[in-house]
Each structure stands twice: as structure tokens, then as C-alpha cells.
Amino acid sequence: MTYSKLTSAERLNIQSLGELKKAGYESRSIKQELRDNLIEKIKSKETVFPGIWGYEETVIPDVERAILSMHNINFLGLRGQAKTRIARMMVNLLDEYIPYVKDSELHDDPLLPLSRFAKDDIAEHGDLTKIAWLHRSERYTEKLATPDVSVADLIGDVDPIKAATLKLPYSDERVIHYGLIPRSHRGIFVINELPDLQARIQVALFNILQEGDIQIRGFKLRLPLDIQFVFTANPEDYTNRGSIVTPLKDRIESQIVTHYPKTLETGRKITEQEAVIKQGQKEAVVVNDLVKTLIEQIAFEARESEYVDSKSGVSARLTISAYETLLSTAERRGLINGEDTTYVRISDLYGVVSSICGKVELVYEGEVEGPVIVAQNLIGKAIRTQFLNFFPDPEKSKKSKINPYAKVIEWFGAGNEMEMIGDMTDREYTARLNTIDGLDDFVDMLSAYGSPSEKLFMMEFALHGMAEFSLIGKQSLDQGMKFQDLVSSMFSGPDDEDFDFEEDDDDSKPF
């Protein structure tokens, strides 16, 4: 039986160099290892990067081509585009275990030793040299590039303490303390946010990438390291914090551009996969599919918003955090009201403002508006966009002989108002929505709903949508929303009684 046919358990029984040779072990570079294992997965129709959605026809084929070409890789893309996730998943393409000379710092290949320790050990013990096994999870190293990273951190330096302890001169290579890169020999080494690495540190990577060796403090030392390098970079960093120096960029064979989800369906898959939903929330909160779509629509609206810096991007973490906060908003309401279960509401979307504010970079105009106002506007735009998928276009309905919105508009036009407080009990929520003349019939006219809660959800959705299309007025309150006649809302503010109408202020405008 050849080495390649041995099971992991059989390989782990091999304890010496002689046994390893007898089993037919042959040295193989990590890039060749990745290539061979990828070929096997492709042939067997296995999913190479499970859980990575939206990249099936774009990024993943590029990654596979790079691995087949045995290239170092640079992932270039905005934040929250799964760059690091893909790099970490490359570990699954490695052999489960590989042999190395026991106790060697660099996990030396028994047939191709690099370090002085491994060479001396093999020279002394020959086929009796002890062998240990390294699991693939231990062959991944990740370093975040920060301005304080030094060449010693990455490459290594002379260790005076080691020299004193071993009573060796500084000219002896055994006094070297190896950095992260040499210690990643036979593994995957990832540098996140490469442009943040100082230019002089980037220069230190030139030889490693091109010639595969390193130099430490003037030592005439050649270590042909065997490493799969993966870098990540954000295009925004090229102007804000730094850049990748041109010779280094030239040495990275494949640059792969990532992107955000192109469809709402893909975004929903990612959000539902990544969001951490507690067991209590699963039992207490019923979620409508539409609200999941609305969460994704918020991110799409943010990426197109004139108030949001498009160069910075809108991370997928926005929708993940927003979805988690949405469920917590509904859960909190149920706890306050002593209700065992509750159905998520459209008004709960305004509880996720805190999850949006910290996830978007605003341009000057957005800063003037304020992050909270921008977040509320994004929610409103998401509702407006999805509204047309369920209800008639209000613009066209105005020109129609029979306006399906007329009865609801007339009810508010008669001077009626409706406050939708966020923490209302389910009973009060139902009563308030059913109070509005025509809303119940309007929703029934368009579709049949599986449960009363689903119907109430759509009634509230219709109310918010009509406000976004300026059929009725909507005003923010500290604890929720107030719906009223459009004309009335134009001449009222949140605190009319506090306004001083006698003060001459030409810059004042109605809220």
C-alpha cells in the first residue's frame, strides 16, 4: 500500500523517518498539495467553499484558477465581502495531517529539512529520527497589518537571550528567533489589510515571494520557505491609509476582486446563515419573510444612497446585525408585555437604527443630516421599493377611476390620526390597525393571508408604504410613529407647543 492510500489513523502510527520512507512518503509543496486536493474535489463534484453565496460564477472560479496555477493571491474588495472567510476555508484543501521532524520550529519536512535543528537531528539519528504529525488546522497563520508591525515580527531577529543561554556567538544561526512567516513554513500565511503595512515592511516580502528565501540581520542564510501567501486589501485604503508598493503587487500572481451580493435572495442567504439567533428568540418571535427581504433592501438602498460613501462600502455585517437587532426588538416587546410569542412588525425595523448607524460611512451631506435621520430614510426607501411588489403603484392609482387607496386616505383626511407605539401589546396593535377604515378591506382585496398575524403585518406595511408615497402623512415620535392626513403632517412638528412663533427666523422650515 502506498502512502497516498493510507488512512489518517495509519499515518499517525508512523513514528520514525525510516517508517515514513518505507510507507512511500514523498515531499510535496503546499501549492502542489492545494492543487492536487482541489482537482480531486472538482472531479468528485464537491462544493469547495460551502457557505460562500453569490460568488459561484465570479470569485470562486477565480480562486480555483489561482490555486490550480499555484499562485499567491490578493483579494481586493470592500469590507464585509468574505475575503478572510475564503482564505480560512482554503485550509480544507490541505491534507489532514503532514509529517515533520519532531520538535523542529519550522515543522521541517523530514525529507527536505530547512532548519539547523532538523538537519542536525537527521544527521545524528538517521532513519531513527522521530516524526510528529501536524494537523491542517495548525497550518494556517493570519496577521492583521498594522503600522506597528516590524520586520522582526514577520521575518525574525537575533535573540540575545537565546545566544546567552546556549553560549553561542551572534554569528551562529541557532541564535535566530524566527518570525511569523518562517514559522508558517508548509502552511498558509494571510496578511489582512495589506496596504496598512508600512512600505519598508512590504519591501521585506519581495524575496520571500519571488525567490522563496529570507534574510535575517545580515546572516548568509537561505531558507527556501514553502508557503501559500494570501493577502486582503480594501480599495479605500489606497488613498486613506496607504498602498501596496508596485514591486510587491507585481510579485502577487493573482489579484481577485470581490463584490457585494447582487441579489436580495443571495443577501438573505448570507444573513440567515451568519446571524446568531438565540433559542429563546426562535421560540418567541415569528418572522415574516417580507421583513427579511426588507432588511436586505436597506443594505441595497445604502449602497446607492447619496448620503453614504460608496467608496467605503456597506458591509454584509450591516444586515446581519440589523436582523439580530430586529428579533431582539420584537423579543423585548414581548417580554415587556408578558407575551410568550409575538409576530415581528414593520415598526420593529426602526429599532435597528443603531445597527445601521455604525455600519455606514457618511459623506458631508449625510453628516449634515445626521446618522439617525439617514438610517431612518434608508428604512423608508426600503419599504417604498418593496411596497410596489405587493400593492398597486400609487402614482398610477391616482390617475385611475377607482383608487384602491381612497378609503384609507379619506379616513385620515377626516382628521383622524393613528399612533403606532413600538411597545404596544398585540391586542392593542390589532385594535388600532382595525380602527382605520378601508385598510382591512384593501389588504384582503389584494391577497389571502395564512394567519391573522400575517394579515396585520401587511396592513401595517401598507400604512408605512402609503406614507412613503405621500398618500398620508407620517411623523416620528419618541416611542413610535404617528400617521395622519398629509396636509396636517406638513404643518405639524414633534413639539409644536414649544415653538416660539413670534420669533422672526427666516431659516425656520416646517418639519
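Helices, taken as DSSP runs of H or I of at least four residues, and strands, taken as runs of E of at least two, are numbered here from the N terminus. The model described is a predicted one, and the account below proceeds from its parallel sheet to the helices packed on that sheet, and then to the cores, the second sheet and individual loop residues.

An open sheet of five strands, paired in parallel, follows the order 4-7-8-1-9. Its edges are formed by strand 4 (140-144) and strand 9, each of which has a single partner strand, so that one side of each is left without a neighbour in the sheet. On average, and with direction ignored, neighbouring strands of this sheet are turned by 20° against each other. Within the sheet, strand 7 (residues 187-192) pairs in the parallel sense with strand 8 over five bridges, and I188 stands opposite Q228 of strand 8.

Strand 1 (residues 73-76) is flanked by two partners in this arrangement, being paired in the parallel sense over four bridges with strand 8 (residues 227-233) and joined, again in parallel and by four bridges, to strand 9 (residues 254-257). L76 takes part on both sides, since it stands opposite A233 in strand 8 and opposite V257 in strand 9. In a regular strand the side chains alternate between the two faces of the sheet. In strand 1 both faces are covered, with I73 and F75 buried on one side and N74 and L76 buried on the other.

Two helices that contact this sheet also contact each other. Helix 3 packs on the sheet by touching strand 7 and strand 8, its direction making about 80° with that of strand 8, whereas helix 4 lies across strand 1 and strand 9 and runs at about 170° to strand 9. The axes of helix 3 (residues 30-43) and helix 4 (residues 59-68) come within 8 Å and cross at roughly 130°, and the two helices are therefore oblique to each other. L34, R35, L38, I39 and I42 of helix 3 make this contact with E64, I67 and L68 of helix 4; of the residues involved, six are nonpolar and two are charged, while none is polar.

Turning to the nonpolar cores, the largest comprises 66 residues, of which L349, I379, F412 and F461 touch the most other members. The element that gives the most to this core is helix 25 (residues 452-468), with nine residues. When residues up to four places away in sequence are not counted, F461 touches L290, L294, I346, I383, Q386, F387, F390 and F391. Another core, of 30 residues, lies apart from the largest one and includes L194, L205, F229 and A233; A233 is also the residue of strand 8 that stands opposite L76.

A second open sheet is built from three strands in the order 12-14-13, and here the pairing is antiparallel. Strand 12 (418-421) and strand 13 (473-477) stand at the edges with a single partner strand each, so one side of each is left without a neighbour in the sheet. The average turn between neighbouring strands of this sheet, direction ignored, is 20°. Strand 12 is joined to strand 14 (residues 480-484) by four bridges in the antiparallel sense, and the bridge partner of E419 in strand 14 is K482.

Several loop residues were also examined. S315 is found in the loop between helix 16 (289-304) and helix 17 (316-337). With a relative accessible area of 2%, S315 falls in the buried class, for which the cut-off is under 20%. Leaving aside neighbours within four places in sequence, S315 is in contact with R79, G80, Y260 and R303; R303 is twelve residues away along the chain, and the C-alpha atoms of the two are separated by 9.4 Å.

Most residues other than glycine have a negative phi. A positive phi of about 60° is nevertheless found for M70, which is not a glycine, and which is placed in the loop between helix 4 and strand 1. M70 counts as partly exposed, at 28% relative accessibility. D103, likewise a residue other than glycine, has a positive phi near 75° and is located in the loop between strand 2 (97-101) and helix 6 (116-125). At 61% relative accessibility, D103 counts as exposed.

How values were computed. Residues are numbered from 1 along each chain as its sequence is written. This is a predicted model: local features need pLDDT of at least 70, side-chain atom pairs count only at pLDDT 80 or more; totals for chains, interfaces and linings use all residues. Side-chain values use heavy atoms; hydrogens and water are left out. Buried means under 20% relative accessible area, exposed over 50%, partly exposed in between (1.4 Å probe, protein chains only). Two strands pair if DSSP finds at least two bridges between them. Axes are lines fitted to C-alpha atoms, for helices over the stretch in contact, and angles run from 0 to 180 degrees between N-to-C directions. Angles under 35 degrees count as roughly parallel, over 145 as roughly antiparallel, 65 to 115 as roughly perpendicular and the rest as oblique. Contact means heavy atoms within 4.5 Å. Ala, Val, Leu, Ile, Met, Phe, Trp, Tyr, Cys and Pro count as nonpolar, Asp, Glu, Lys and Arg as charged, and the others, Gly among them, as polar. A nonpolar core is a set of buried Ala, Val, Leu, Ile, Met, Phe, Trp, Tyr and Cys residues joined through side-chain atoms within 4.5 Å.
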